[in-house]
Amino acid sequence: MINIQNNILAVENKIAQAALAAQREDKIQLLAVSKTKPVSLIKEAFKQGLSHFGENYVQESVEKIQQVKLDPEFDKPICWYFIGPLQSNKTRPVAENFDWVQSVDRLKIAQRLNQQRPEGMPNLNICLQINISEEETKSGTTLSQVMELASQVQQLSRLKLRGIMAIPQKSDNPKVVEQQFLTLHQIFTQLQQQYPDIDTLSMGMSGDLESAIKCGSTMVRIGTDIFGAR
Ligand SMILES: *Cc1c(COP(=O)(O)O)cnc(C)c1O
């Protein structure tokens, strides 16, 4: 049996230790990645005080969000983040159900989310996903295109540009991963100079959250270490 309560305490402790080691006092948001996991486990995490959840698959996540909405035991607001690859023919349910999308990697996706965001809902928070290792198989915009994409997204009135997200290339050498995190932090700083509202550098997962926090991450996305292996 997996013990969500212990897992969350351990992750929160790791985040606190890493922040202390990096002499950081700013907030580091924990995003619990619940993809493939049932609402019953999301509920356990919610009861431990978590309220930010990340999902990757459109159909699965919309079903879970609807289930949560109808369940009176979820008695405080939840913030939902779409963090998976997004095809342009699937943007509508994402625009209608999520608070954030962190995997925007091209203008067409941003334009559709902007058009499809329902009137009366708050603006949809956006992170641009960056393909930091520039591997062809990975999603994300390239380093050379990120500033242009940011300026285009910034002009879409139903979206709110909040920052960037990336998944670094795995490596046995921690320095290789750290170098990618440092580059991401540079881009983040550069964007912030141009757009002062930008506040989110989403990097760090179960395997590398300490290094990400050392390099300035403001949001870590943790699946396995909270909910167990997928
Ligand atoms: C699955 C996923 C995570 C969580 O990864 P873990 O290694 O299980 O912590 C984080 N970010 C993204 C974009 C993911 O798809």
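**Close-up views of the ligand site**

**View 1. The company the ligand keeps, by residue class.** The shell around the ligand is made up of 5 nonpolar, 4 polar and 3 charged residues. Keep in mind as you look around that this is a predicted model. Starting from the low residue numbers, you will meet Val 33, Lys 35, Asn 56, Ile 83 and Ile 167 among the residues surrounding the ligand. Met 205 and Ser 206 belong to these surroundings too, as do Arg 221, Ile 222, Gly 223, Thr 224 and Arg 230.

**View 2. Polar side chains at the ligand's oxygen atoms.** Zoom in on Asn 56, where a polar side-chain atom sits 2.8 Å from a ligand oxygen. For Ser 206, a polar side-chain atom is found 2.5 Å from an oxygen atom of the ligand. Thr 224 joins in as well: an N or O atom of its side chain lies 2.5 Å from a ligand oxygen. As for cover, the ligand taken alone exposes 390 Å², and the protein buries 90% of that.

**View 3. The pocket that holds the ligand.** Here the ligand takes up the space of the largest pocket.

**View 4. The annotated domain.** An unreviewed UniProt entry places the feature "domain: Alanine racemase N-terminal" at residues 17-229. Helix accounts for 39% of this span and strand for 18%. Follow the span from end to end, and its end C-alpha atoms turn out to lie 24 Å apart.

How values were computed. Residues are numbered from 1 along each chain as its sequence is written. This is a predicted model: local features need pLDDT of at least 70, side-chain atom pairs count only at pLDDT 80 or more; totals for chains, interfaces and linings use all residues. Side-chain values use heavy atoms; hydrogens and water are left out. UniProt positions are given in the numbering used here, feature names are shortened, and annotations may be inferred rather than shown by experiment. Helices (H or I, at least four residues) and strands (E, at least two) are DSSP runs, numbered from the N terminus. A residue is near a molecule or strand if one of its heavy atoms lies within 4 Å of it. A polar contact is a pair of N or O atoms within 3.5 Å; within protein, one must be able to donate a hydrogen and the other to accept it, and residues adjacent in sequence count only if both atoms are side-chain atoms. Accessible areas come from the Shrake-Rupley method with a 1.4 Å probe; for residues, only the protein chains shown count as cover. On a 1 Å grid over the protein atoms alone, a cavity is a set of points where a 1.4 Å probe fits but cannot get out, and a pocket is an open set with protein on both sides within 12 Å along at least five of seven lines; lining residues have an atom within 4 Å of a point. A molecule sits in a cavity or pocket if more than half of its atoms lie within 2 Å of its grid points. Ala, Val, Leu, Ile, Met, Phe, Trp, Tyr, Cys and Pro count as nonpolar, Asp, Glu, Lys and Arg as charged, and the others, Gly among them, as polar.
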